[in-house]
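This briefing sets out selected features of the structure shown below. The points are grouped by topic for use at the bench.

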Amino acid sequence: MRLILIGFLFASAFFFIEAGSAEIMQARRAACVDGLASFRLAPDPNQACMSEFQFFLTKAMSRGLFAAMDPEPPGMLAWPVMAALYGLLGGAVAQMRPPHAIGVFLGAHAMLLMVLMSVDFLSQFIV
């Protein structure tokens, strides 16, 4: 039981740190795009501020399953739910040996991010 709790807490902390850094990058992009609005012949924000890949990656890192929702829910709703889901995954893999658990967790995390990024990207084309 102790291993499950430790895995849950580590995975939740991992998500909160990742979501916080992604929110900082999203805020920097928003400030950059607002700064470009004052230029007469502004460059493309996807080239000057942050690429589309980075934008959708940070959005998926920050909001998780809620990234593709059209009226994006506030972080106070999305973050605890996603931290709990990551915690459950961390608790499940905590039963393995530590090197295997870390590898499985990071692999599952990378796959989840790619799926969420793809869904978020494709959702802008589906009406």
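Does Lys59 count as buried, partly exposed or exposed, and at what relative accessibility? Lys59 counts as buried because its relative accessibility is 17%, under the 20% limit used for that class. The model is predicted, and the points below cover its salt bridges, its disulfide, its largest pocket and two further residues in helices.

**Salt bridges**

- A search of the whole structure yields two salt bridges.
- In one of them, Asp120 pairs with Lys59, and the closest N and O atoms lie 3.5 Å apart.
- This pair links distant parts of the chain, since Asp120 belongs to helix α5 and Lys59 to helix α3, with their positions 61 residues apart in sequence.
- Asp120 is buried, with a relative accessible area of 4%, and Lys59 is likewise buried at 17%.
- A salt bridge also joins the side chains of Arg63 and Glu23, at 3.3 Å from N to O.
- Here too the pair links distant parts of the chain: Arg63 is in helix α3 and Glu23 in helix α1, 40 residues apart.
- Arg63 has a relative accessible area of 10% and is therefore buried, whereas Glu23, at 23%, counts as partly exposed.

**Disulfide**

- The structure has one disulfide, formed by Cys32 and Cys49, whose sulfur atoms are 2.0 Å apart.
- Cys32 lies in helix α1 and Cys49 in the loop between α2 (45–48) and α3 (52–63), so the bond ties together parts that are 17 residues apart in sequence.
- The disulfide is left-handed, because the torsion about the S-S bond of Cys32 and Cys49 is about -80°.
- Cys32 counts as partly exposed at 26% relative accessibility, and Cys49 counts as partly exposed at 21%.

**Largest pocket**

- The largest pocket holds about 330 Å³ of space.
- Its lining comprises 15 residues, of which Gly7, Phe10, Val93, Ala101 and Ile102 are the closest to the centre.
- Two or more lining residues come from each of the elements α1 (2–36), α4 (75–93) and α5 (98–123).
- Helix α1 supplies the largest share of this lining, with six residues.
- Sorted by class, the lining of the largest pocket has 13 nonpolar residues, two polar residues and no charged residues.

**Gln26 in helix α1**

- Gln26 is located in helix α1.
- Its relative accessible area is 17%, so Gln26 is buried.
- When neighbours within four places in sequence are left aside, Gln26 is in contact with Phe55, Thr58 and Lys59.
- One of these contacts, Lys59, is also the salt-bridge partner of Asp120.

**Leu106 in helix α5**

- Leu106 has its place in helix α5.
- With a relative accessible area of 40%, Leu106 is partly exposed, because that value falls between the 20% and 50% limits.
- Leu106 and Ala11 are 95 residues apart in sequence, while their C-alpha atoms are 10.0 Å apart in space.

Methods: Residues numbered from 1 in each chain as written. Predicted model: local features only at pLDDT ≥ 70, side-chain atom pairs only at ≥ 80, totals over all residues. Heavy atoms only, no water. 1 Å grid on protein atoms, 1.4 Å probe; cavity = no way out; pocket = protein on both sides within 12 Å on 5 of 7 lines; lining within 4 Å. Points joined across faces, edges and corners; volume = space filled by probe spheres on them. Helix = DSSP H or I, 4+ residues; strand = E, 2+ residues; numbered from the N terminus. Nonpolar A, V, L, I, M, F, W, Y, C, P; charged D, E, K, R; others polar. Disulfide = S-S within 2.5 Å. Buried < 20%, exposed > 50% of the residue type's maximum accessible area, 1.4 Å probe, protein only. Salt bridge = Lys/Arg side-chain N within 4 Å of Asp/Glu carboxyl O. Contact = heavy atoms within 4.5 Å.
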